[in-house]
Amino acid sequence: MQANTLYFGDNLQVLREHFPDQCVDLVYLDPPFNSKRNFNMVFGDIAGAGDTAQLKAFGDTWTFAGAAAEYNEVTESGRPEGKLVETLREVFGRTPLVAYLSIMALRLRELHRVLKPTGSLYLHCDPTASHYLKMLLDAVFGAENIVNEVVWKRSYGHGDSRRSMGRSHDVILLYAKGKEYTLNRFYHGHDPAYVQSFFRHTDERGLYKLENLTSPNPRPNLTYAYRGYPPPAKGWRVNLEKMQELDADGRLHFPVKAGGRIMRKVYLHELGGQPMTDIWSDIRLLSAHDAERLGFPTQKPLALLERIIAASSNEGDLVLDPFCGCGTAVVAAQKLGRRWCGIDYTSLAVTLIRQRLSDHYPEVFPTPGQVPVIGLPQDVAGARLLAAEDKYH
């Protein structure tokens, strides 16, 4: 395994050939969702409506016949995930769903293998197959090792939904390999409605709200007048010395009326935000006009990957994205001082990621060609071998 490197090829083969046991601190994967779309819709955009052969080459990936080898391997292993996939075939038959889960089961097994005992995995999916993937993760990681099911509200509801409620969220399943795993505290951005409702005052320091200094319980020892203002009936929350400190620092709000109540100033810019929860509604989906948008159909916001990587890894840790697509995870990892590896099956994705890394970090990668890639043909003979395997590369 070589850090800060892209790997070109089938991630199952790459993981088995290049990644030793327990070498990765954090895995993020955003695999195809089995949502009756082709394996990689970027090829649809490039090929155009006329090139049905190229589209079919990727659409066939999720047929049961196309995944027969994976199904046989996973079910013959005798492991829990194999028994689960076999049971699902008995229930649903030889469907694309069972093909998809067979393919995912083998890859989740390898990702569990390469994770360190302190590592964790985020699997990003939509509700189409999230419940089946959760069962697979329970089988591979152990049901006791789920940390969170995160709901990412990626957009507002769409008015064109007539037969269902507007679908506006993805699911991110977080599993740890063991009991000791990294989880760094983070804060959500403030709800604009909350800011508008409470932060109604401003001074030279900035926007602030007023916080009550009245004690919730009777405190005779904290019952004192201050600068001519009478104490609350139950006394203050702070002693006289603390009150004087707040006053000297300009953090007291004095009422106009003599009988009014002194309040504490709480500045918006000094608050970290709302403590972390498993509902993420403060990171919006990229729009067509966002500067970071690359035209990749399933591209995720950089802010989303930064949150995941910052929450579940530390500087110098190794982050792996085995379905790296347009490379948002590796770009975020580079930005946050992590080591990284990305794997993708298409030369288009690898080319795009190399350019993106060079654009973002020219001091590290002055040209796209200086982003290391393992598995990409370097000469005509290699290109011919690749064409013989899959001419659409």
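Here is a short walk through this structure, from the whole chain down to a helix, a sheet and a loop. Keep in mind that the model is predicted.

Let's start with the big picture. The chain carries 13 helices and 15 strands. Of its 393 residues, 47% are buried. Take the contacts between residues at least 6 apart in sequence, and you'll find that 69% of them join residues at least 24 apart. On the outside, the accessible surface adds up to about 19700 Å², and carbon and sulfur atoms own 52% of that.

Now zoom in on helix H5, residues 80-92. How far apart should its ends be? With 13 residues at 1.5 Å a residue, H5 should span 18 Å, and its end C-alpha atoms are indeed 18 Å apart, so the two agree. Next, look at which parts of H5 are tucked away: the buried residues are Glu81, Gly82, Leu84, Val85 and Leu88. They cover an arc of only 160° around the axis, which means that they sit on the same side of H5. That spacing makes sense, because an α-helix has 3.6 residues a turn, so residues three or four places apart point the same way.

What lies over that buried side? The cover includes helix H4 (68-75), helix H6 (96-114) and helix H7 (130-141). Turn to the other side of H5 and you meet Lys83 and Glu90, both exposed. Just after H5 comes Gly93, which takes a positive phi of about 85°.

Strands next. Four of them make an open sheet, in the order E7-E8-E10-E9, with antiparallel pairing. The edges are strand E7 (201-203) and strand E9 (252-253), each of which pairs on one side only. In general, strands of a sheet pair through backbone hydrogen bonds, either parallel or antiparallel. Here, E7 runs antiparallel to strand E8 (residues 206-212), and three bridges join the two. If you'd like a spot to find by eye, go to His201, which stands opposite Tyr208 in E8.

Last stop: Pro366, in the loop between helix H12 (347-360) and strand E15 (373-374). Is Pro366 buried, partly exposed or exposed? Its relative accessible area is 48%, and exposed would need over 50%, so Pro366 counts as partly exposed. For a sense of where the loop goes, compare Pro366 with Gln355: they are 11 residues apart in sequence, and their C-alpha atoms are 10.0 Å apart in space.

Key: Residues are numbered from 1 along each chain as its sequence is written. This is a predicted model: local features need pLDDT of at least 70, side-chain atom pairs count only at pLDDT 80 or more; totals for chains, interfaces and linings use all residues. Side-chain values use heavy atoms; hydrogens and water are left out. Helices (H or I, at least four residues) and strands (E, at least two) are DSSP runs, numbered from the N terminus. Buried means under 20% relative accessible area, exposed over 50%, partly exposed in between (1.4 Å probe, protein chains only). Contact means heavy atoms within 4.5 Å. Accessible areas come from the Shrake-Rupley method with a 1.4 Å probe; for residues, only the protein chains shown count as cover. Two strands pair if DSSP finds at least two bridges between them. The expected span of a helix is 1.5 Å times one less than its number of residues. The arc is that of the directions from the helix axis to the C-beta atoms.
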